[in-house]
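Biologist: I should like a close look at a single part of this model. Please take one helix and its surroundings, and set out the contacts, charges and rings with the cut-offs behind each term.

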Amino acid sequence: MKLGFVSAILPDLALDEVLSFAAAEGFACVEVMCWPRGKAERRYAGVTHVDVESFGPADAARIKELLAKTGVAISGLGYYPNPLAPDRAEAEIYVEHIKKVIRAAALLGVGVVNSFIGRDPRRSVDENWPNFLAVWRPLVAFAEEQGVKIAIENCPMFFTNDEWPGGKNLAHSPAIWRRMFQDIPSPNFGLNYDPSHLVWQQMDYVRPIFEFRDRIFHVHAKDAKVERHRLDDVGILATPLEYHRPKLPGLGDVAWGRFVSALSDVGYRGPVCIEVEDRAFEPELDRRKLALRQSRQYLSQYILSAPG
């Protein structure tokens with residue numbers, strides 16, 4: 001496995017600075033954020049380390065030179081909007097940008113684009129399903145043509161009142177993944193697997209690894225701490241941040257030894273990228289760099305990866 005991190009936590013740095021930091025700290029790879037330039041719509045969004053708007057061969061050559069110089073690989077290009085937003089004009093903007101990210105990934109020789117399925121949060125899974133198929137069948141086909149895999153993160157995107165009650169990402173449970181891959185069986189369609197989102201949903205985060213072993217293209221290393229006294233007070237129908245907190249690996253409820261053991265048992269050899277969303281480490285750049293160092297040191301007891 002290749003230990004890396006998600007570049008969203010370093011918005012202050014340019015791509016060359018992100019890669020230099022990764023190399024200096026012994027990371028093998030980085031998931032690089034590709035949001036459109038402009039105002040962020042939420043925390044951890046709006047970070048642009050690769051601008052794909054007019055991305056061409058010269059841009060790809062420049063980035064490949066940086067990768068060769070630093071010895072750090074790009075694990076995937078990341079862009080996490082809501083392509084099933086109820087406003088169709090808004091959703092179409094997201095879909096078109098996903099295509100640009102896919103094209104950039106193909107030019108860079110990066111095999112994976114990470115994203116969300118999206119969802120109209122006010123509608124049920126069944127009510128969202130026709131739109132899911134209408135949007136994602138052609139997107140996955142486009143990715144196939146470009147030789148790129150789509151890895152969907154399993155975050156429900158249900159944290160705030162505007163995401164009530166269903167969240168803004170359909171792909172939050174094994175039952176839905178099973179249905180997704182049955183209806184879109186492409187080998188280029190899979191998961192960016194994050195155990196933390198299963199923790200706060202009170203779900204087993206190890207067993208699905210065995211069923212979906214062939215669909216796990218990318219892994220996020222983020223932890224979550226369920227505060228039982230708060231959950232007992234507000235219940236599971238509360239917005240999830242009322243009873244849990246994202247934490248650095250090792251500071252929450254994920255048993256990382258069991259998790260990495262399961263990944264190795266199924267033969268996973270891909271990236272494991274630390275995703276920092278721990279507010280205790282967010283205020284300054286130095287604290288965020290420390291979060292990445294601390295997470296790498298903790299996970300290195302389970303994952304030792306060579307650069308590149």
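Modeller: The account below begins with helix α5 and then moves outwards to its surroundings.

This is a predicted model, in which local features need pLDDT of at least 70 and side-chain atom pairs count only at pLDDT 80 or more, while totals for chains, interfaces and linings use all residues. Residues are numbered from 1 along each chain as its sequence is written, and side-chain values use heavy atoms, with hydrogens and water left out.

Helix α5 comprises residues 174-183; helices (H or I, at least four residues) and strands (E, at least two) are DSSP runs, numbered from the N terminus. Its buried residues are Pro 174, Ile 176, Trp 177, Met 180 and Phe 181. These residues lie on the same side of α5, because they cover an arc of only 155 degrees around the axis. The arc is that of the directions from the helix axis to the C-beta atoms. Here buried means under 20% relative accessible area, exposed means over 50%, and partly exposed lies in between, with a 1.4 Å probe and protein chains only. The cover over the buried residues of α5 includes α4 (125-146), β6 (189-193), α6 (195-200) and α7 (207-211), where contact means heavy atoms within 4.5 Å.

Helix α5 is also linked to α4 through charge. Arg 179 and Asp 126 form a salt bridge, with their closest N and O atoms 2.7 Å apart. Since Asp 126 lies in helix α4 and Arg 179 in helix α5, the pair ties together parts that are 53 residues apart in sequence. Asp 126 is exposed at a relative accessible area of 52%, and Arg 179 is partly exposed at 30%. A salt bridge is a side-chain nitrogen of Lys or Arg within 4 Å of a carboxyl oxygen of Asp or Glu. The whole structure holds 16 salt bridges.

The contacts of Phe 132 reach the buried side of α5. Leaving aside residues up to four places away in sequence, Phe 132 touches Leu 84, Ile 117, Arg 137, Leu 170, Met 180, Ile 184 and Phe 189. Phe 132 also belongs to the largest nonpolar core, which has 105 residues; Leu 77, Phe 132, Trp 136 and Phe 189 touch the most other members. A nonpolar core is a set of buried Ala, Val, Leu, Ile, Met, Phe, Trp, Tyr and Cys residues joined through side-chain atoms within 4.5 Å.

The rings around α5 form a further connection. Trp 177 and Phe 181 belong to one aromatic cluster with Trp 136, Phe 189, Tyr 193, Tyr 205, Phe 212, Trp 256 and Phe 259. Rings of Phe, Tyr and Trp (its six-membered ring) pair if their centres lie within 6.5 Å; planes under 30 degrees apart count as stacked, over 60 as edge-to-face and the rest as tilted. By this rule there are 15 aromatic pairs. One of them joins Trp 256 and Phe 259, whose ring centres are 5.5 Å apart and whose planes stand at 85 degrees, so the pair is edge-to-face. Trp 256 and Phe 259 are three residues apart in helix α9 (residues 256-265) and are therefore separated by about one helical turn. Trp 256 is buried with a relative accessible area of 1%, and Phe 259 is buried with 0%.

The loops on either side of this region contain backbone features to note. Most residues other than glycine have a negative phi, and most peptide bonds are trans. In the loop between β5 (149-153) and α5 lies Pro 165, and the peptide bond from Trp 164 to Pro 165 is cis, with omega near -5 degrees. Met 157 is placed in the loop between β5 and α5. Its phi is near 55 degrees, a positive value in a residue other than glycine, and Met 157 is buried with a relative accessible area of 8%. Gln 202 belongs to the loop between α6 and α7, two of the helices that help to cover α5. The phi of Gln 202 is near 65 degrees, again a positive value in a residue other than glycine, and Gln 202 is partly exposed at 42% relative accessibility.
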